[in-house]
Amino acid sequence: MARPSKLTPEQLYRTCNPQEFSFNTTADLDGPVTATGQERAFEAISFSMGIKHDGFNLFALGPNGTGKQTAIMHFLGNSAPQSPVPSDWCYVNNFEKPRHPKALRLPAGKACSLSRAMEQLVEALFTVIPSAFSSEEYQAQEKNIREEFQEQQADEIGELEKRAAKEHIALIKTPSGFAFAPEKDGEVVKPEEFMLLKKKERDSIEKKIIDLKTAMQSIMAQIPKWQRETQEKIKKLNSNIASFAVKPLIAELRTEYTAIEEVSRYLEILEADIIENFDQFLEKESDQRELPPGMSPGKFLQKGASFNRYRINVIVDNSATRGAPVVYEDKPACQNLVGDIEHIAQMGTLVTDFTLIKPGALHRANGGYLLIDARRLLAEPLAYEALKKALRTRQIRIESLAQLYSLVSTVSLEPEPIPLDIKVILLGERNLYYILSLHDPDFSELFKVAADFEDELPGDLEGKLAYAHIISSIVYKDNLHHFDRAAVARIVEHGSRISEDSTKLSAHIQSISDLVHEADYYATAATREIVQADDVQHAIDAKLFRSSRIREKIREATLRNSILIDTDSEKIGQINALAIYSPGGQSFGHPGRITARVRLGKGEVIDIEREVEMGGPIHSKGVMILSGFLGARFATDQPLSLSASLVFEQSYSGIDGDSASSAELYALLSAISGVPIRQCFAVTGSVNQFGQVQAIGGVNEKIEGFFDLCKARGLTGNHGVLIPASNVENLMLRNDVVTAVQEGLFAIFPVSDVDEGIEILTGIPAGELDKTGLYHTGSINAMAVARLKEMAEKIKKFTSSSDDDNQ
Amino acid sequence: MPERHKSKLIRHIAVALDCSPHSRASLGAAAELARLLNAELTGIFVEDINVLRMADLPCCHEIRMYTSESEKFDASNLERSLKVQAKTAEESLQRIAEDLMIKQSFRVLRGIVPEEVIAAAGEADLLVLGRSGRSPTCRKGLGSTARKALEKGKRPVLFIRPGFSAKEWPVLVLYDGSEGSQEALGIALNIINPGIRLNVLILGETHEESAELERALSEIIALPGSAVEYHHLPLTSGKTLMRFIRMVDSGLLVLSDRMKISREEVHELINEIDYPVLLV
């Protein structure tokens with residue numbers, strides 16, 4: 001088998017040539033940001049926005065920071081203004097059932113004007129009604145009615161009084177009523193004089209008094225009736241006067257809104273209510289106690305809370321909206337979505353009315369688009385359920401949460417639901433989408449379209465230009481220094497590095513944005529007007545340095561030989577593997593020592609990590625796979641009479657992943673064959689049962705981890721790393737590594753098969769089977785076969801001798 | 001001429017109190033005048049002897065106001081009720097006197113109400129009383145006490161009705177050059193609040209006489225800060241006068257019953273008019 005050659009410096013890093021760009025600095029780029037490489041997602045968005053049926057809401061999935069929201073906003077920015085402007089909505093008092101406020105739909109922009117008109121109407125009523133009621137005509141009529149009653153009463157009593165006077169009997173007012181008494185010369189007869197009268201006279205007087213008393217009582221019995229009649233007459237008069245004053249004002253309003261049937265109907269009811277309750281417009285001052293504390297008293301409140309009943313609570317005002325509204329709800333709490341009914345404390349109790357109905361994002365976005373972050377939505381109690389309910393029932397029903405869960409017990413409202421016509425766009429990570437589709441049957445009903453955003457952009461010129469435009473837009477948006485094309489090229493290279501693919505660019509806009517800001521900071525510090533590639537490099541290095549404490553600690557321990565890593569000698573059954581550490585999102589690589597020992601046994605490979613439950617399932621799988629490879633290669637003709645143990649030395653926190661399985665296999669091969677492995681190499685790559693080396697993640701960090709250690713100890717030109725050949729495309733190595741390779745101080749070998757790898761590691765060919773079915777003498781495989789044969793025989797001998805002993 | 005009468009100061013005001021709306025208005029007006037003139041105020045409450053007598057008459061029953069049930073009088077109950085009324089009247093007098101910082105006294109008398117009131121008022125310079133009191137018929141004209149005071153009582157006397165505030169009322173004086181009208185004008189000038197409009201209705205027999213009367217008056221009346229407005233009306237019947245007074249719509253009407261129009265006509269006018277009247 002041919003030994004693979006070292007990778008050339010060009011293969012280690014794909015440079016982005018600034019000359020590819022036609023612009024000098026990002027200041028030359030002011031066109032719109034065109035997102036490239038997201039055609040699949042855009043197709044889904046366009047489909048979802050275009051289809052008018054229920055349930056075709058959108059879930060935009062992709063990692064955070066990939067610009068999903070920006071892309072959707074951009075898309076909607078083009079399409080939404082073409083759509084019709086949705087209606088305005090407002091809540092008005094339901095005069096028949098105040099607990100159920102009515103929803104009024106008005107053409108866009110009309111709600112506020114109706115509200116203003118209503119305020120003006122109430123203002124006008126405060127002038128018109130009092131002046132109608134203070135007019136002389138009204139005063140005279142009212143006085144007439146009241147005097148009619150007084151006269152009626154006075155006449156009746158006066159008649160009686162006259163009748164009594166004829167009989168010499170006086171009607172006299174007492175502290176608590178009336179009384180009749182015999183009089184003489186304008187005075188009541190003195191009791192002693194009365195007693196002097198004859199009995200007959202006295203009886204006669206008494207009889208007269210009784211008659212008069214009865215007559216008086218019958219008059220008094222009629223007084224309440226007269227009062228009632230008077231009251232009725234006054235009420236009718238008032239109603240006539242109020243109606244005369246109010247009707248022209250409302251008629252004026254009605255002609256303006258005659259086309260809107262609902263408003264016409266409302267105005268009709270309103271008119272009747274104002275006429276019935278005209279007296280509230282006569283009160284000069286409102287009761288200040290009714291003012292809710294902390295609320296800015298509007299015109300109506302200044303006139304007293306009772307005028308709230310004539311207010312128009314504008315829930316949705318689309319007067320300034322162009323096309324369909326696009327709303328992003330940052331805090332999708334239940335009440336922020338479907339709206340809320342607020343309460344105010346008044347004299348120790350909580351009260352509410354329709355003016356305290358607060359709209360939610362669904363109201364604002366009704367007729368358009370609502371964007372919500374899925375994670376935040378799910379984190380808000382009951383919000384997801386409320387959203388689903390609104391979408392399912394196609395209406396927004398405002399329910400007070402506290403009321404719903406009996407947290408407060410107070411008067412609340414049940415506003416009339418508002419019909420809902422909306423496209424909801426949820427933005428979230430892929431995981432959330434998969435979990436929701438798996439566990440929530442409603443979800444797939446309501447969010448039928450998924451826009452799956454790519455993590456990467458193509459690394460071609462188009463993608464690079466897209467990067468340049470993104471940088472330019474960030475610079476313009478945040479007022480930063482412009483970037484020259486070399487700096488842009490450096491960011492493009494970094495984007496490639498983040499994506500771990502030299503042919504792609506990361507779509508993680510957030511990281512790019514951070515880097516742009518950081519580079520701008522260093523350019524500003526260096527008083528440069530234009531950000532240069534050095535500033536970008538400075539930002540990258542500084543970020544790495546800021547997060548390098550743990551990495552430095554581990555390297556220091558290694559250099560002091562607290563962690564034993566050999567980079568010079570040759571050892572049997574010992575190899576340098578490469579591990580990735582990811583504390584706090586910043587990952588780095590570092591070598592770790594794997595050792596393998598063999599002894600007589602029954603063919604098992606003991607994974608010590610697994611035995612002590614420090615190895616993850618993927619790691620265990622890797623070890624079992626390599627056992628499979630060993631068995632297939634060496635135990636087809638004889639039993640595998642060994643027992644091998646594998647361990648990651650000095651690992652105290654558990655490991656997972658199969659990227660060390662090739663290294664483990666090399667260590668085992670070395671242990672079995674007795675051929676030492678050169679410790680100047682480190683190895684990464686997983687292996688399958690046929691011995692093929694397969695791709696792994698984090699290849700750049702792993703190489704750099706080993707390089708850093710070797711560099712610290714002094715590069716000799718022997719040091720190198722074996723990586724899977726399929727990982728070559730992922731290489732975007734640091735500049736110093738590339739330089740070392742260029743100078744021949746460091747080497748990277750692409751390996752596609754374990755036989756290639758073992759040859760590099762030991763300097764001895766692996767050996768292929770010849771026609772006789774034997775490996776070439778002197779090859780690793782031949783030595784391994786010989787060793788295994790020897791072990792098998794030892795076991796056989798041992799077993800037979802022990803059998804003999806038993807007999 | 002009018003300033004001659006300015007010296008006739010009102011130092012003591014009597015007000016008849018009986019807890020009726022008219023009487024409450026009387027108290028308010030009297031107290032306001034007392035404050036203005038720095039006079040002493042005496043409240044007069046008369047326990048009606050007629051009512052007390054009825055209690056001892058076996059044939060008399062009281063018909064309750066709001067139930068129309070009749071009941072035999074209970075003398076002790078009646079006494080107590082009258083005491084309560086007197087107490088209420090006294091308290092309202094004290095309260096208002098305290099508020100306006102005027103000197104007050106209160107007298108409770110027993111007897112025939114109109115006579116006692118007129119007799120008690122003899123010691124005062126001005127009697128203030130309601131146009132009607134606790135009369136059962138709610139009549140429109142003057143009540144029995146007011147009528148008596150009009151006919152037999154001393155002058156000046158002020159008849160009050162509710163709905164007018166003594167503080168703000170504009171004053172209308174009837175002036176025809178007679179001595180009575182000069183006195184009326186003198187008192188009006190005495191009791192008018194600063195800044196309040198004074199209306200003078202000049203009743204001349206001829207146009208020239210009216211003009212002459214106005215000229216003479218305008219020379220002597222000098223009211224700083226208050227406007228005087230002259231109106232002219234040929235000497236005429238009480239009915240026309242009443243219509244004119246209503247038209248001017250002034251608050252307090254000041255007049256004398258010793259003018260060129262007859263005493264009866266003046267009394268008839270007072271009986272019919274809806275405004276407070278100060279009879280000089």
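What follows is a chat about a predicted model with chains A and B.

Colleague: Let's start with chain B. How much of chain B is buried?
Modeller: For orientation, chain B has 10 helices and 12 strands. Of its contacts with a separation of 6 or more, 76% come from residues 24 or more positions apart. As for burial, the chain has 280 residues, and the buried share is 45%.

Colleague: Which residues touch the most other members of the largest nonpolar core?
Modeller: That core holds 105 residues. One of its best-connected members is B:Val15, and leaving aside neighbours within four places in sequence, B:Val15 is in contact with residues including B:Leu27, B:Ala30, B:Leu41, B:Ile44 and B:Val128. The full set touching the most other members is B:Ile13, B:Val15, B:Val128, B:Val173, B:Ala188 and B:Val254.

Colleague: And how many residues are in the second, separate core?
Modeller: Look to chain A for some of its members: A:Ala383, A:Val424, A:Tyr433 and A:Phe447 are among them. The count for this second core is 82 residues.

Colleague: Back to chain B for a moment. Is the crossing of α2(B) and α4(B) left-handed or right-handed?
Modeller: Take the geometry to begin with: α2 (21-37) and α4 (75-100) of chain B pack at about 30 degrees, with their axes 10 Å apart. In the contact, B:Leu27, B:Gly28, B:Ala31 and B:Arg35 from α2(B) meet B:Ser92, B:Leu93, B:Ile96, B:Ala97 and B:Leu100 from α4(B). Those residues divide into 6 nonpolar, 2 polar and 1 charged. The crossing is right-handed.

Colleague: Now chain A and its parallel sheet. Why is one side of β8 and of β17 left without a neighbour in the sheet?
Modeller: The sheet is open, with 5 strands in the order β8-β13-β16-β1-β17 and parallel pairing. Neighbouring strands are turned by 20 degrees against each other on average, ignoring direction. β8 (326-329) and β17 (449-452) of chain A have a free side because each stands at an edge, with a single partner strand.

Colleague: Which residue in β16(A) stands opposite A:Ala60?
Modeller: Start from the strands: β1 (58-61) and β16 (423-428) of chain A run parallel and are joined by 4 bridges. Helix α2 (39-50) of chain A lies across both of them and β17 as well, at about 155 degrees to β17(A). Opposite A:Ala60 in β16(A) is A:Leu427.

Colleague: What about β5 of chain A: why is it largely enclosed by the rest of the structure?
Modeller: On the pairing side, β5(A) is joined to β4 (169-174) of chain A by 6 antiparallel bridges, and these two form a hairpin with 2 residues between them. Another hairpin, again with 2 residues between the strands, links β5(A) to β6(A), and A:Asp185 in its turn has a positive phi of about 55 degrees. Burial gives the answer: β5 (177-184) is largely enclosed because the buried residues number 6 of the 8.

Colleague: Which residue of β3(B) is the bridge partner of A:Gly177?
Modeller: Here β5(A) pairs across the chains, with 3 bridges joining it to β3 (61-64) of chain B in the antiparallel sense. Along that pairing, A:Ala179 stands opposite B:Glu62. For A:Gly177, the partner is B:Arg64.

Colleague: Which element gives the most to the side of chain A that touches chain B?
Modeller: Between the chains, 31 residues of chain A are in contact with 26 of chain B. Elements of chain A supplying at least two residues each are α5 (136-166), β4, β5, β6, α6 (191-196) and α7 (199-256). That side of chain A divides into 17 nonpolar, 7 polar and 7 charged residues. With 9 residues, the top contributor is α7(A).

Colleague: Last one, on the mixed sheet of chain A. Which are its edge strands?
Modeller: This open sheet has 7 strands, ordered β25-β26-β24-β23-β28-β31-β32, and its twist averages 30 degrees from one strand to the next. Helix α25 (699-713) packs on the sheet, at about 85 degrees to β24(A). The strands that pair on one side only are β25 (605-607) and β32 (747-751) of chain A.

Conventions
Residues numbered from 1 in each chain as written. Chains lettered and ligands numbered in written order. Predicted model: local features only at pLDDT ≥ 70, side-chain atom pairs only at ≥ 80, totals over all residues. Core = buried A, V, L, I, M, F, W, Y, C linked by C-beta atoms within 7 Å. Buried ≥ 20, exposed ≤ 12 C-beta atoms within 10 Å, placed from the backbone. Contact = placed C-beta atoms within 7 Å. Pairing = 2+ DSSP bridges. Axes fitted to C-alpha atoms, helices over the stretch in contact; angles between N-to-C directions. Nonpolar A, V, L, I, M, F, W, Y, C, P; charged D, E, K, R; others polar. Left-handed = near helix turned anticlockwise from the far one by under 90°.
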